[in-house]
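Subject: Structure handover

Hello,

Here is the structure we discussed, with notes on what was found in it. Please read the notes with the model open.

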Amino acid sequence: MTILSGSEPRPVPVRPDAARWTTRSAERGVLVVVHNVTSGQRLIDAVSLLEGDLRVQVFFTMAPTIFTSGVAEFLDRLGATTVPWHRAVDMSFDLALAAGHEGLAELDAPVIVMAHGAGHNKLVPARRGGRRVAARGTYGLAPQDLIRDGRLVPATILLAHAEELARLGATCPEAVPAAVVAGDPNYDCLVASRAHRARYRDALRIAPGQRHIVVTSTWGGNSLLGRTPELLHRMTTELPRDGYRVTALMHPNVWSGHGAWQVRAWLAEALREGLVLIPPEDDWRGVLVAADCVVGDHGSLSLYATATDAPVALATYPEADIDPASPLGDLARFAPRIRHRRSMLAQLSRIPADHRRADYARVAARITSQPGSFAGNMRHLIYRHLKLKAPAARPRVRIADLPGAPR
């Protein structure tokens, strides 16, 4: 780890006179690259595997992307040692962790890159020489995300399922030697948290006998909120309040792109009718575990919901944006669709009877081929890069925080 000189103020561990002020001199420096709040939340599951190791100093930096709103607050809540991006790219680190691709080629560190959602599902326009071309690639598996100037940028590409390795080989074969199938932390957390379902329902104040409908929206014009913003209001007015509770989970990029005030203002009528809106800093996983039915779109939470045993319905689904070979493409082939001109009560009442449990289980099994093993696999990989012996204690699978609890 290189310490920079110069007069610009910076955190104590990266000052040129750091040895005078720090309590411990770390043997290794790890940089956590946060592209947006979603990627930051994902990376916490990885970097927490270093907890208790006095040999390692962890630094955080905010990568230069569009959706940086909320990232500074996220890092502040963590109490993280933060290095400005322009400083981070001039330093060397023993390892960098990222859940996005922008800017990684500028870093002087071996980089482990992981998906920021449930696997690799979304198609994005391919680029050649800075121009969009007709072909589209799967985000995170395409050469445009992994190759810069003929060089493979990540030292390790983390995959959740073995079948992703075959898809990577078809799209970017030169990246296959760097790929490691390690599992998915959110899947492991959801499965481990299912035993605590009653606690999450109590925290959300779901009364006995109430059905809990969780509505999830990713970001962008093709999302549930982008295409059908009236859906939440219809649910809260058409569903009897004594029999139903409606909770909304919005992608952090929705909050980042429009601001918390605007999101709440758009949903004000539904909020007055009893909608529970989960803020982006809360742990969404316990909310999914507490669901009796999930209504979503092409976002990762629709796919993760298959691991909770709740039926999943799709309110909108832009087929052209999703890799049909992905698990999300598989889910879309059988998940019931919400018809916006029909009664919400009639449709949601019928979904449990149509719950295709075996189909949902098949899709859930496609999220990870290493169930329950992410923590162990990831820690082994991190310490291999750091060239340090890992602590003897086995890492534990995290349980989702209660809604409203600080993360």
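Two strands are taken as paired if DSSP finds at least two bridges between them. On that basis, Gly296 has Leu314 in β15 as its bridge partner. Please note that this is a predicted model.

The open sheet

The strands β14, residues 293–296, and β15 are joined by three bridges and pair in the parallel sense. They belong to an open sheet of five strands with parallel pairing, in the order β13-β12-β11-β14-β15. At the edges are β13 (276–278) and β15 (312–314), each of which pairs on one side only. From one strand to the next, the twist averages 25°.

Helix α10

Helix α10, residues 231–238, lies across β11 (211–217), β12 (244–250) and β14. Relative to β12, helix α10 runs at about 165°. Its buried residues are Leu231, Leu232, Arg234, Met235 and Thr236. Between them, the buried residues of α10 pack against the strands β11, β12 and β14, and also against α9 (224–227), α13 (268–272) and α17 (344–350).

Thr236 is worth a separate entry. This residue sits in helix α10. Its relative accessibility is 9%; buried means under 20%, so Thr236 counts as buried. Apart from neighbours within four places in sequence, Thr236 is in contact with Val246, Ala270, Glu273 and Leu275.

Strand β1

Strand β1 covers residues 28–34, and seven of its seven residues are buried. In a regular strand, side chains alternate between the two faces of the sheet. For β1, both faces are covered. Arg28, Val30, Val32 and Val34 are buried on one side, and Gly29, Leu31 and Val33 are buried on the other.

β1 has parallel pairing with two strands that are listed here. With β2 (residues 56–62) there are seven bridges in the parallel sense, and Val30 stands opposite Val58 of β2. With β3 (residues 95–98) there are four bridges, again parallel, and Val32 stands opposite Leu97 of β3. β1 and β2 also form a right-handed β-α-β unit together with helix α2, residues 37–47.

The second largest pocket and helix α7

The second largest pocket has a volume of about 420 Å³. It is lined by 17 residues, of which Ser48, Leu49, Glu51, Pro395 and Arg396 are the closest to its centre. Two elements, α7 (185–193) and α19 (374–386), give two or more residues to the lining of this pocket.

Helix α7 is largely enclosed by the rest of the structure, because seven of its nine residues are buried. Those buried residues are Pro185, Asn186, Tyr187, Asp188, Cys189, Leu190 and Ser193. They pack against α2, α8 (197–203), α14 (284–289), α15 (300–304), α18 (357–365) and α19. Helix α2 is thus listed twice in these notes: as part of the β-α-β unit with β1 and β2, and as a packing partner of the buried residues of α7. Helix α19 also has two entries, as a contributor to the pocket lining and as a packing partner of the buried residues of α7.

Regards

Note on methods:
Residues numbered from 1 in each chain as written. Predicted model: local features only at pLDDT ≥ 70, side-chain atom pairs only at ≥ 80, totals over all residues. Heavy atoms only, no water. Axes fitted to C-alpha atoms, helices over the stretch in contact; angles between N-to-C directions. Contact = heavy atoms within 4.5 Å. Buried < 20%, exposed > 50% of the residue type's maximum accessible area, 1.4 Å probe, protein only. Right-handed = clockwise from strand over helix to strand, strands pointing away. 1 Å grid on protein atoms, 1.4 Å probe; cavity = no way out; pocket = protein on both sides within 12 Å on 5 of 7 lines; lining within 4 Å. Points joined across faces, edges and corners; volume = space filled by probe spheres on them.
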